[in-house]
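Q: Please go through the labels used for this model. Set each value against its cut-off.

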Amino acid sequence: RLYPARGAALPLEVRGVLSLPLQRRQMSVQAIARSRRHGQLGVLADIHWPAQAWQLQLQPRALAIEPLLPLLPEGLQTQLQGRLQGRLDGQLLLARSQQRQRCQGQLRVGGLQWRLPALPEPLRSDGLDLRCSPQAIQLQPAALQLGSWSGRLAGRLRWPDALQLQLQARERRQGHQLQARLEGPLQQPRLSLSGSLEKLALAGLPPQPLQIRAQMDLRLGASSMVRLLSLQLRRADALLEARGELWPKLRLESQQLRLGQELTQRLAPLIGAAPQLQAVLQQIGSWAKPRLELVLQQQANPLLGNLQARLLWQPGLLQLQRFQSAQLQASGRLPLPLRSGALQPGDLQLQLDLQRFPLARLSRLIGSRLRGELEAWGEVRGPLQQLQPHLQLLVREPGVGPLWLPETWRGSLQALPQGRSALQLQALAPAAPGRLQAQIGRAHV
């Protein structure tokens with residue numbers, strides 16, 4: 001049995017010959033290690049200490065990769081254990097002497113499956129062919145598959161550690177495209193990405209492609225790290241630029257966030273004609289149990305002034321931890337279970353507290369001049385298509401157009417069956433007695 005530093009023992013049958021002529025300070029090994037379930041590995045090794053030379057020949061036959069992962073450095077183990085499968089075949093010769101290094105032969109990784117974190121399906125390849133020469137290890141162009149995505153991967157590793165990898169991929173249903181290039185020192189390469197998501201529709205706008213550009217630095221080894229140097233997402237004249245950390249923890253901060261003219265015009269009554277937006281996305285906890293926190297901020301919102309929203313997503317649930325502005329405080333939760341490959345929103349639960357809100361700020365939305373102040377507190381709950389308000393209301397000196405009541409009214413807005421709501425308001429002293437009742441959701445007052 002082979003006992004790695006971590007992981008289960010690997011049962012092996014090993015047969016071979018060891019030659020150790022001490023007078024010549026040499027050692028030769030010829031062996032075959034077999035496992036009934038995991039294939040075999042032939043090993044030929046020669047070491048000559050006086051000449052500082054060695055030669056190693058490996059001959060894997062249907063050798064499973066997964067049981068060998070515990071033999072890798074701890075950092076790589078953590079990233080690959082339980083996620084990488086495949087079998088090795090071929091013959092590889094490695095040699096080194098005082099004068100030169102030598103590499104010769106070919107290895108094939110068949111039936112490759114790599115389960116990457118946060119992706120629903122594994123990355124697959126029928127075969128990766130690696131060829132070794134004195135100058136480099138060459139990866140021959142190989143077909144890859146990830147769900148509806150397909151592509152080709154090729155590259156090489158030049159001695160001692162100059163890495164180059166290129167990927168071209170396309171999604172067959174929508175025509176999305178991705179190009180990736182990884183190059184640089186083996187322990188610290190740089191990854192460049194470009195691509196497009198076709199026919200992306202947002203907020204009822206006509207479909208437009210989303211252009212993607214990104215650069216990131218990778219640090220591989222026991223303390224792996226991925227730093228996002230730049231990210232650019234562009235859809236027509238809308239733009240998001242960000243940078244930050246991707247691994248081991250996610251933290252992205254927007255450098256520029258521009259919604260674009262068409263979307264800004266539609267949302268102008270809610271966010272203003274030239275909104276100043278900022279966003280920070282960060283991970284809380286580990287990738288094994290991902291939770292993502294998004295903080296959105298806007299200066300001088302036309303309705304609420306300076307505002308901040310803090311949202312927390314975890315599998316199956318979206319929480320509004322806090323919405324805060326001078327007039328409005330809110331929090332809530334929305335279940336988001338995944339069923340049949342799609343998110344199915346559940347019932348919203350939203351608590352809110354609106355204080356001394358100037359109704360004049362709604363004039364542009366309503367299309368008529370409003371006056372007075374509104375206060376509302378309570379909750380809104382139910383399906384997104386049929387929200388049910390349960391609110392207490394206080395209205396001070398309301399006015400619409402030329403009409404104005406220098407009075408204070410108090411009441412409620414309560415949900416009724418069949419998607420209706422009941423509005424009830426009563427004038428407070430010293431005003432003359434008055435009562436307003438209405439049903440919202442039907443043409444009935």
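Q: How many residues lie between E19 and E20 in the hairpin they form?
A: Three residues lie between E19 and E20 in this hairpin. The model is predicted: local features need pLDDT of at least 70, side-chain atom pairs count only at pLDDT 80 or more, and totals for chains, interfaces and linings use all residues. Residues are numbered from 1 along each chain as its sequence is written, and side-chain values use heavy atoms, with hydrogens and water left out. Helices (H or I, at least four residues) and strands (E, at least two) are DSSP runs, numbered from the N terminus.

Q: What makes E19 and strand E20 (residues 305-314) a pair?
A: Two strands pair if DSSP finds at least two bridges between them. Eight bridges join E19 to E20, so the rule is met. The two run antiparallel. Val295 has Arg310 in E20 as its bridge partner.

Q: How do you know that strand E18 (residues 276-283) pairs with strand E19 (residues 292-301)?
A: Eight bridges join E18 to E19, and the two run antiparallel. Leu281 stands opposite Leu294 in E19.

Q: Why is the link between Cys103 and Cys132 called a disulfide?
A: The term needs a pair of cysteine sulfur atoms within 2.5 Å. The S to S distance from Cys103 to Cys132 is 1.2 Å, so the pair counts as a disulfide. The structure holds one disulfide.

Q: What parts does the pair Cys103 and Cys132 tie together?
A: Cys103 lies in strand E7 (residues 101-114) and Cys132 in strand E8 (residues 123-132), so the pair ties together parts that are 29 residues apart in sequence.

Q: Why is this disulfide called right-handed?
A: The torsion about the S-S bond of Cys103 and Cys132 is about 120 degrees, so the disulfide is right-handed.

Q: Are Cys103 and Cys132 buried or exposed?
A: Both Cys103 and Cys132 are buried. Buried means under 20% relative accessible area, exposed over 50%, and partly exposed in between (1.4 Å probe, protein chains only). Buried residues make up 31% of the 445 residues in the protein.

Q: What makes the contact of Asp217 and Arg190 a salt bridge?
A: The rule asks for a side-chain nitrogen of Lys or Arg within 4 Å of a carboxyl oxygen of Asp or Glu. Asp217 and Arg190 meet at 2.8 Å, N to O, so the contact qualifies. Asp217 is in strand E14 (residues 208-219) and Arg190 in strand E13 (residues 190-200), 27 residues apart. The count by this rule comes to ten salt bridges.

Q: Why are Asp217 and Arg190 called partly exposed?
A: Asp217 has 24% relative accessibility, so it counts as partly exposed. Arg190 has 36%, so it counts as partly exposed too.

Q: How do you know that Arg396 and Glu375 form a salt bridge?
A: Their side chains meet at 2.9 Å, N to O, so the cut-off is met. Arg396 sits in strand E27 (residues 388-400) and Glu375 in strand E26 (residues 370-382), 21 residues apart. Arg356, Glu373, Glu375 and Arg396 are linked in a network of salt bridges.

Q: Why do Arg396 and Glu375 get their exposure labels?
A: Arg396 has a relative accessible area of 23%, so it is partly exposed. Glu375 has 7% relative accessibility, so it counts as buried.

Q: Why is the protein called more spread out than a compact globule?
A: The radius of gyration is taken over C-alpha atoms, and the globule rule is 2.2 Å times the number of residues to the power 0.38. The protein's radius of gyration is 32 Å, well over the 22 Å that the rule gives for 445 residues, so it is more spread out than a compact globule. The C-alpha atoms fill a box of roughly 115 × 40 × 40 Å along the principal axes. The protein has three helices and 31 strands.

Q: What makes the phi of Ala300 worth a label?
A: Phi of Ala300 is positive, about 55 degrees, although the residue is not a glycine. Ala300 lies in strand E19. Its relative accessible area is 57%, so Ala300 is exposed.
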